[in-house]
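User: Please take one part of this protein and examine it closely, in terms a first-year student can follow. Begin with a single residue, explain its surroundings, and then relate the approach to other parts of the chain.

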Amino acid sequence: MNYRIHCLLLGLLMTATHVCGNPVTDMLERIDRGASKKFKVELLKNDGKEFFELDQQGNRVVVRGHNWVDVAVGVNWYLKYYAGTHLSWNQMQAQLPNVLPPVPKREKHETNLSLRYDFNYCTFSYSMAWWDWKRWERELDWMAMHGVNLPLAIVGEECVWRNMLLKLGYSEEEVGQFISGPAFLAWWEMNNLEGWGGPLPRSWYSRQETLQKQILRRMKEWGMKPVLPGYCGMMPHDAKERLGLNVTDGGLWNGYQRPANLRPTDPRFQEIAALYYEELTRLFGRSDYYSMDPFHESGDDAAIDYSASGQALMQAMKRVNSNAVWVVQGWTENPRPQMIEKMNPRDLLILDLFSECRPMFGISSIWKRDNGYGQFPWLFCLLENFGGNVGLHGRMDQLIGNFILRDHHCQGIGFTMEGSENNPVMFELMSELPWLTLSGVSSDSVAAFKQQWLRRYLKARYGHTTPAVEQAWEILSNSIYNCPPGNNQQGPHESIFCGRPSLNNFQASSWSKMKNYYDPDDTRRAAELMVQAADAYRGNNNFEYDLVDIVRQALADQARVQYQHAIADYKSFSRKPFARSSQRFLDMLLAQDRLLATRSEFRLGRWTEAARACGTTAAESDLYEWNARVQITTWGNRTCADKGGLRDYAHKEWQGLLKDFYYVRWKTYFDALASQMEALAKPQPELLGTGPNSNKTAEELFQMALPQEVTIDWYAIEEPWTLRHNPYSSTPSGNVIDVAREVCNQFLIYE
């Protein structure tokens with residue numbers, strides 16, 4: 001039987017064990033058909049240390065490693081630093097030369113950081129809500145090539161809960177009122193809300209169960225250890241009435257009803273936990289790692305015995321697998337010292353979730369714990385992105401410097417981004433740190449190390465470099481990619497285009513903690529240099545992706561400056577200059593839309609098409625598209641969006657969204673300011689002693705004379721867009737380099 005047909009048949013039969021060669025060979029064939037014949041891969045032991053080694057045997061490149069993931073890291077290293085081929089989220093395929101560049105001298109890299117984690121709960125909604133197996137297969141290749149061997153695996157968690165609740169006597173309708181829609185499952189799983197975006201169709205559960213089984217099978221083929229979701233006590237808010245459980249009210253989360261909590265010390269906790277784990281195991285098997293974050297983002301409660309609660313959670317998990325390890329996020333109060341103090345360190349693994357900015361492991365930060373995590377093993381994690389927002393951002397010096405200062409209890413690294421597929425430079429740097437020799441790097445030499453690494457990265461990413469490209473990235477690495485200590489903003493600098501308009505627009509979302517730390521002229525100059533070099537890179541996929549992203553950032557930064565000009569003209573009552581400056585701002589917004597149209601990664605249609613494709617009926621597709629539109633705009637209903645502050649948390653600079661959503665808001669606002677000025681230029685009745693304000697006090701009239709914010713019901717403007725079904729395409733339009741140059745010449749190059 002033909003080898004490929006044999007593999008296909010086995011895949012269709014959903015066999016538990018992959019027998020078609022090895023996962024590296026299959027990955028190479030997905031990268032480039034026939035590529036596996038150009039490599040020889042070998043598994044070797046290495047005195048317990050993980051390693052990969054590059055060598056040459058005739059015309060074939062030899063890649064050895066401690067396990068298949070290590071070999072995949074070696075393949076990636078070879079492709080980047082020998083073949084000039086950088087595989088990234090924007091492209092996971094390549095056309096390799098018939099004869100690969102040789103490895104002239106054996107090269108070996110080792111690490112004692114044996115655990116490499118991936119994903120945040122939020123990633124599964126902000127980035128992966130609509131992924132099918134084809135997209136997941138590419139991601140799993142990316143994960144292996146970047147060393148991931150401990151991935152969070154929560155796809156299909158809703159299937160476990162549906163089955164469990166049905167067994168407890170809940171109806172399908174009641175289950176639908178509890179489990180959220182696809183774009184909001186992460187916050188349901190984190191005990192933040194119930195039902196929003198649902199109810200889920202039966203076809204969704206079937207889809208996700210099948211998808212999770214495919215994902216887990218591939219993870220196990222690689223030798224990865226999936227982290228399955230454990231049970232912390234979440235229950236529907238009516239569980240007291242329905243089941244007689246002694247649950248505590250979850251209260252509200254930004255306007256949403258939170259699920260109730262069954263305390264781990266409750267006599268019936270073990271009963272419910274056993275039912276949960278039984279269903280989880282039946283569907284997806286046992287795991288060696290379970291993720292649990294009890295009391296997530298909640299204040300201390302004197303009524304809770306945290307030590308006993310931790311023991312009860314551990315006991316329920318250990319009944320499933322006595323060797324299982326509890327994975328817990330190091331985030332705000334968690335893990336509370338009193339919850340874990342009596343545990344065996346071997347039973348717990350802590351994710352230091354925001355190590356590049358707010359480390360808890362003992363070094364200086366606003367979240368520093370004086371004794372770190374004590375004797376407990378932990379992972380150094382890169383959070384990088386919140387809300388899946390689009391924007392250049394990084395803390396290169398802090399990342400390297402903090403990584404050097406980790407203690408000996410650190411067992412590995414983790415990617416814990418809320419949104420993926422952004423800022424590839426930061427994830428490349430993070431993935432390589434465990435394999436690099438850093439013994440000679442001190443806090444004084446971090447900058448030099450960074451620049452040396454960056455030069456190698458650029459050559460790998462683009463195949464070759466030019467002085468202009470190197471200069472552009474040097475500027476970026478020392479400005480927007482070097483957010484300094486003390487600045488605790490959550491992810492990228494937010495685009496002025498994406499925030500609800502006001503006279504003092506700064507942050508787009510409620511919790512960004514955004515604070516200026518780089519000169520907008522830095523990104524403008526970097527964009528100018530990239531455009532200057534662009535003709536030498538026509539057709540270079542990685543360069544063209546970065547070109548759009550960098551010019552996009554520069555235009556957003558200059559638009560913030562332009563906004564200030566417009567507001568200054570308004571406050572100066574300079575009506576004609578205001579008309580010009582506000583129109584220029586709107587022109588910049590539409591230019592951003594044209595620029596982003598040239599790459600599918602920056603098109604709204606990529607998100608909405610994927611959402612609609614999940615449906616098996618028109619009604620299902622409409623529900624999923626509504627989920628997709630709401631998440632990136634209002635996030636919630638009127639109460640949750642406005643009073644809860646959730647609106648625009650997941651804002652995106654995407655083609656289509658800019659033109660049809662953000663432009664409408666800004667045009668409405670500037671028109672309202674212009675109308676206000678026009679009205680003020682006319683005779684005011686109160687000055688004649690006859691108007692409605694004629695009896696106001698002098699102080700009241702003084703306040704009225706100041707520039708007044710216009711009142712606009714933003715939600716009434718935003719919600720109608722979320723309810724529409726006008727199509728958006730994922731197909732790019734326009735030439736990347738030509739449009740980037742046009743935008744740069746029009747708005748970024750100073751006379």
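Analyst:
**A close look at helix 27**

Arginine 741 counts as partly exposed, because its relative accessibility is 23%. A residue is called buried under 20% and exposed over 50%, so the value for arginine 741 falls in the class between the two. The model is a predicted one, and every value below is computed from it.

Arginine 741 belongs to helix 27. Leaving aside residues up to four places away in sequence, arginine 741 touches Val531, Ala534, Asp535 and Arg538. Proline 501 is 240 residues away from arginine 741 along the chain, and the C-alpha atoms of the two are 28 Å apart.

The helix around arginine 741 spans residues 736-748, and its buried members are Val736, Ile737, Val739, Ala740, Val743, Cys744, Phe747 and Leu748. Viewed down the axis of helix 27, these buried residues lie within an arc of 165 degrees, so they line one face of the helix. A general rule helps in reading such a pattern: an α-helix has 3.6 residues a turn, so residues three or four places apart point the same way.

What do the buried residues of helix 27 pack against? Their partners are helix 18 (520-533), helix 19 (541-571) and helix 20 (575-596). At the start of helix 27 there is also a polar contact: a side-chain oxygen of asparagine 735 comes within 3.1 Å of the backbone nitrogen of isoleucine 737.

Two of these partner helices lead to a further detail. Phenylalanine 573 sits in the loop between helix 19 and helix 20. Its phi is positive, about 60 degrees, although the residue is not a glycine. Most residues other than glycine have a negative phi, and most peptide bonds are trans. Phenylalanine 573 is partly exposed, because its relative accessible area is 37%.

Asparagine 254 offers a second case of this kind, with a positive phi near 50 degrees in a residue other than glycine. Asparagine 254 is found in the loop between strand 9 (252-253) and strand 10 (256-257). Its relative accessibility is 23%, so asparagine 254 is classed as partly exposed.

The peptide bonds also hold exceptions. Glycine 198 and proline 199 are joined by a cis peptide bond, with omega about 0 degrees, and proline 199 lies in the loop between helix 8 (185-189) and helix 9 (202-222). Another cis peptide bond links asparagine 334 to proline 335, with omega about -10 degrees. Proline 335 is placed in the loop between strand 13 (325-330) and helix 13 (337-340).

Strand 13 leads on to a sheet. Its 8 strands form an open sheet in the order 6-5-16-15-14-13-12-7, with parallel pairing. Strand 6 (150-151) and strand 7 (227-229) stand at the edges with a single partner strand each, so one side of each has no neighbour in the sheet. Inside this order, strand 13 and strand 14 (residues 348-352) run parallel and are joined by 5 bridges. Glycine 330 has aspartate 352 in strand 14 as its bridge partner.

An antiparallel pair can be set beside this one. Strand 2 (residues 50-57) and strand 4 run antiparallel, joined by 5 bridges. Histidine 109 in strand 4 is the bridge partner of phenylalanine 52. The side chains alternate along strand 4: Glu107, His109 and Thr111 point to one face and are buried, whereas Lys108 and Glu110 point to the other and are not.

The loop before strand 4 shows the opposite end of the exposure scale. Asparagine 98 occupies the loop between helix 3 (68-81) and strand 4 (107-111). Asparagine 98 has a relative accessibility of 73% and therefore counts as exposed. Asparagine 59 is 39 residues away along the chain, and its C-alpha atom is 10.0 Å from that of asparagine 98.

Aspartate 32, finally, shows a charged residue that is buried and has no salt bridge. The nearest side chain of opposite charge, that of lysine 38, is 4.4 Å away. Aspartate 32 lies in the loop between helix 2 (23-31) and strand 1 (39-43). Its side chain reaches the backbone nitrogen of leucine 96 at 3.0 Å. Not counting residues up to four places away in sequence, aspartate 32 touches Lys38, Ala94, Gln95 and Leu96.

How values were computed. Residues numbered from 1 in each chain as written. Predicted model: local features only at pLDDT ≥ 70, side-chain atom pairs only at ≥ 80, totals over all residues. Heavy atoms only, no water. Buried < 20%, exposed > 50% of the residue type's maximum accessible area, 1.4 Å probe, protein only. Helix = DSSP H or I, 4+ residues; strand = E, 2+ residues; numbered from the N terminus. Arc of directions from axis to C-beta. Contact = heavy atoms within 4.5 Å. Polar contact = N/O pair within 3.5 Å; in protein donor to acceptor, adjacent residues only side chain to side chain. Lys, Arg positive; Asp, Glu negative; His and termini not counted. Salt bridge = Lys/Arg side-chain N within 4 Å of Asp/Glu carboxyl O. Pairing = 2+ DSSP bridges.
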